Amino acid sequence: MDAKTPAPVLVLTGPVRPGEVAGWCARVREALAGRAGGVVVCDVGGLGQPGLAAVDLLARLELTARRAGGRIRLRDASPALVALLDLLGLRFQTEGQTEEREPPLGVEEAVETGDPAG
């Protein structure tokens, strides 16, 4: 996928019902067909209160995307959803955030003179 091709966007709405998961996974596979290394953006702003059903859906979508050679990226994720995913040990790329363990551009750590070495 070249930089000029926009990522497909899936708008997820809640509440999440177990019977809908297979359909969402099929949409991710379809969006990634022929786009090895591609990304599908999942707009999760409409999911409502985060719960285990939403976590299960997102985990399955990420697994489906990885099996198809891609990834999903979350858009409009609430702080509560991000906290729940973190609590469960699930890491997702989110729009508007730097990638994990990478400092923001232009930020450097400074050492104060007179501070003991730690």
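## Salt bridges

In this predicted model, the side chains of Asp86 and Arg91 form a salt bridge with an N to O distance of 2.9 Å. Asp86 is partly exposed, at a relative accessible area of 39%, and Arg91 is likewise partly exposed, at 45%. The structure contains seven salt bridges by the rule applied.

A further salt bridge joins Arg60 to Asp56, with 3.0 Å from N to O. Both residues belong to helix H2 and are four residues apart, about one turn of the helix. Arg60 has a relative accessible area of 44% and is therefore classed as partly exposed. Asp56, at 33% relative accessibility, also counts as partly exposed. Glu20 and Arg17 meet in a salt bridge as well, at 3.5 Å from N to O. The relative accessible area of Glu20 is 28%, which makes this residue partly exposed, and Arg17 falls in the partly exposed class at 46%. In addition, a network of salt bridges links Glu62, Arg66 and Arg71.

## Overall architecture

The protein comprises three helices and four strands. Read from the N terminus, these elements follow the pattern β-α-β-α-β-α-β. Of the 118 residues in the protein, 29% are buried.

Contacts between parts of the chain that are distant in sequence can be expressed as a fraction. Among contacts with a separation of 6 or more, 71% are made by residues 24 or more positions apart.

## The sheet

The four strands form an open sheet in the order E1-E2-E3-E4, and their pairing is parallel. E1 and E4 occupy the edges; each has a single partner strand, so one side of each is left without a neighbour in the sheet. In general, the strands of a sheet pair through backbone hydrogen bonds, in either a parallel or an antiparallel manner.

The pairing of E1 with E2 is in the parallel sense and extends over four bridges. Val11 has Asp43, in E2, as its bridge partner. Helix H2 packs on the sheet and touches E1, E2 and E3. The direction of H2 makes an angle of about 140° with that of E3.

## The nonpolar core

The largest nonpolar core consists of 25 residues. The residues with the most contacts inside this core are Leu12, Val44, Leu58, Leu61, Ile72 and Leu74. Two or more core residues come from each of the following elements: strands E1 (9–13), E2 (39–46) and E3 (71–75), and helices H1 (21–32), H2 (52–67) and H3 (79–87).

Leu58 illustrates how these parts meet. With residues up to four places away in sequence left out, Leu58 touches Leu12, Val44, Ile72, Leu74, Leu81, Leu85 and Phe92. Leu12, Val44, Ile72 and Leu74 are also listed among the residues with the most contacts inside the core, as is Leu58 itself.

## The edge strand E4

Thr94 lies in strand E4, which spans residues 93–94. Its relative accessible area is 10%, and Thr94 is therefore buried, since the cut-off is under 20%. Apart from neighbours within four places in sequence, Thr94 is in contact with Arg73 and Leu74. Leu74 is one of the residues with the most contacts inside the largest nonpolar core. E4, for its part, stands at an edge of the sheet with a single partner strand.

## Cysteines

The structure holds zero disulfides. A disulfide is, in general, a covalent bond between the sulfur atoms of two cysteines. Cys25 takes part in no disulfide, and the nearest cysteine sulfur, that of Cys42, is 9.8 Å away. Seen from Cys42, the closest cysteine sulfur is that of Cys25, and the 9.8 Å between them is too far for a bond. The cut-off for a disulfide is a sulfur pair within 2.5 Å.

Both cysteines are nevertheless removed from the surface by the accessibility criterion: Cys25 is buried, with a relative accessible area of 8%, and Cys42 counts as buried at 0%.

Methods. Residues numbered from 1 in each chain as written. Predicted model: local features only at pLDDT ≥ 70, side-chain atom pairs only at ≥ 80, totals over all residues. Heavy atoms only, no water. Buried < 20%, exposed > 50% of the residue type's maximum accessible area, 1.4 Å probe, protein only. Contact = heavy atoms within 4.5 Å. Core = buried A, V, L, I, M, F, W, Y, C linked by side-chain atoms within 4.5 Å. Pairing = 2+ DSSP bridges. Axes fitted to C-alpha atoms, helices over the stretch in contact; angles between N-to-C directions. Salt bridge = Lys/Arg side-chain N within 4 Å of Asp/Glu carboxyl O.
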